[in-house]
Amino acid sequence: MLGLKIAAVFMMSASIGILYRIPRRLLFYDGLVGVITWLVMYTTTQAGGNIILADFLGSIALGVVAEALARFLKKPATIFIIPGFIPLVPGGEAFATIRFMVEGHYTDGVSMGMKTILIGGAIAFGIFVSSTVYRLVINYSMENNKENAGKS
Amino acid sequence: MVIPLEQIAKIAGLAGEIMLKNGAETYRVEETMEHIAKACGAVKVESFVIPTGVFLTVHDSSERMLTSMWRVRARTINLDRVSKVNELSRRLADKRITFNDAYDILHHIDLERTGFSLVPSMLASGVIGGTTAVLQNAGAFEILGAFGAALTVRYIAHVVSRRHGVQITYEFIGGMAAALIGVLLAVLYPETNRDAIIIGGIMPLVPGVAITNAIRDVMVGDLLSGLSRGMEAALTAMAVTMGVVIGLAVHLL
């Protein structure tokens, strides 16, 4: 079951790459980034972690891996970030929110909607924090070599 | 060889326009335009980019200056072009390519058909839907249903954006179509897990580029662009949600 899910995440991330017209030879890396991100998230939830914490850790891993790959392959980091975070998107929670609202269970809908928004915020801030810190570290270690600072 | 200011503005502006049109972050567009203009001999470069336009001022060594502006109306997502222009600006900055060659290549990048045509992107969209259903622990029938729903959504997006060009429309119609497919299958085969099909169907509509660019724009301090891209993402999410709401409401009839 886990193997099937990993294969699904790999295919999902690579397909997002096709949908957003990412250079063909980078599709494999996209799938890889997606699998790493999702595995971090999955392991955290399996270890009993909150889903919000799990998504936050997953997207921190995503930011670091994407920035490292961007530097290594000399490509924009967005190419790796976009396919990477799609498997984390709380589609199930978002849909549950809609379903509660349509069925008239507004209280359940609002609490589920809050959960969805918090998960989304955790993903956004995970990417934000890890990319920023990664840049700080890289720029700090490259301070003598100012030519390369801040590029990626 | 001294390149006239008009030529510098032309090549840098074209590069910026291509990148912005195809979904690059604001700061990347600004930096690329500055690198290209400096590589062509401009002394001082100022650029200002918002999601709907590019402004550029170049100064040369004899203190002349030129300001120009490009309005960007139609925006698509083609990260292949962004990465190609990015690469070109690196090569130009390292003097591995001449001005004229660079201009020709830029024109080529702007006009060429890159990436994948309709059928592969429909299949990719279907795979996104199907794999989302797998992650929702759905059965084989639901996975197939989600594959079909996501494929249909992508086709609708293609048709609507050809005819109309407004993004929110196809997201609303796509969300509604995904929900209606889920509802239809659940009515025909009552033991179907309707929810997994709909979740899979709307997954390709997640505004990945808008969200990522909003985060990265805010990260480097481009608050104006970050805000408007965040707004774009929120509007998209709202449109999909309303589409699904209306589709689901049909099921309650």
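In chain B, strand β1 and strand β2 (residues 53-59) pair up in the antiparallel sense, and seven bridges hold that pairing. Pairing here takes at least two DSSP bridges between two strands. Strands are DSSP runs of E with at least two residues, helices are runs of H or I with at least four, and both are numbered from the N terminus. Within this pair, B:V45 sits opposite B:V58 of β2(B). On the next step across, β2(B) and β3(B) are also antiparallel, and seven bridges join them as well. One of the matches is B:T57 with its bridge partner B:T67 in β3(B). β2(B) and β3(B) make a hairpin with five residues in between, and B:E63 in that turn has a positive phi of about 65°.

Put together, the three strands of chain B give an open, antiparallel sheet in the order β1-β2-β3. Its edge strands are β1 (44-50) and β3 (65-71) of chain B, each of which pairs on one side only. Ignoring direction, neighbouring strands in this sheet are turned by 10° against each other on average. Angles run from 0 to 180 degrees between N-to-C directions, and axes are lines fitted to C-alpha atoms, for helices over the stretch in contact. Lying across β1 and β2 of chain B is helix α2 (residues 26-39) of chain B, which runs at about 155° to β1(B).

All of this comes from a predicted model, in which local features need pLDDT of at least 70 and side-chain atom pairs count only at pLDDT 80 or more, while totals for chains, interfaces and linings use all residues. Residues are numbered from 1 along each chain as its sequence is written, and chains are lettered from A and ligands numbered from 1 in the order in which they are written. The model scores ipTM 0.86 and pTM 0.87. For chain B, the mean pLDDT (the predictor's confidence in each residue, from 0 to 100) is 88, and 98% of the residues reach 70 or more.

Beyond the sheet, chain B is rich in helices: the count is ten helices and three strands. Along the sequence these follow the pattern α-α-β-β-β-α-α-α-α-α-α-α-α. The C-alpha atoms of chain B fill a box of roughly 75 × 30 × 30 Å along the principal axes.

Two helix pairs in chain B show how the helical part is put together. Helix α3 (residues 79-93) and helix α4 (residues 99-111) of chain B pack at about 175°, with axes 11 Å apart. That angle makes α3(B) roughly antiparallel to α4(B); the cut-offs are under 35 degrees for roughly parallel, over 145 for roughly antiparallel, 65 to 115 for roughly perpendicular, and oblique for the rest. From α3(B), B:R81, B:K84, B:V85, B:L88 and B:L92 meet B:A102, B:I105, B:L106 and B:I109 of α4(B). Residues are in contact when their C-beta atoms, placed from the backbone, lie within 7 Å. By class, this contact has seven nonpolar, no polar and two charged residues. Here Ala, Val, Leu, Ile, Met, Phe, Trp, Tyr, Cys and Pro count as nonpolar, Asp, Glu, Lys and Arg as charged, and the others, Gly among them, as polar.

Further along, the axes of helix α7 (residues 167-188) and helix α10 (residues 223-251) of chain B come within 7 Å and cross at roughly 30°. That makes α7(B) roughly parallel to α10(B). The residues of this contact divide into 16 nonpolar, seven polar and one charged.

Chain A, by comparison, has six helices and zero strands. Its C-alpha atoms fill a box of roughly 60 × 30 × 30 Å along the principal axes. In this chain, α1(A) and α4(A) pack at about 130° with axes 8 Å apart, which makes α1(A) oblique to α4(A). A:S13, A:I16 and A:G17 of α1(A) meet A:I82, A:P83 and A:G84 of α4(A). This contact splits into three nonpolar, three polar and no charged residues.

Finally, the two chains touch: 34 residues of chain A are in contact with 41 residues of chain B. On chain A's side, the elements giving two or more residues are α1 (2-19), α4 (78-85), α5 (91-103) and α6 (106-141). The largest share, ten residues, comes from α1(A). By class, chain A's side has 24 nonpolar, six polar and four charged residues.
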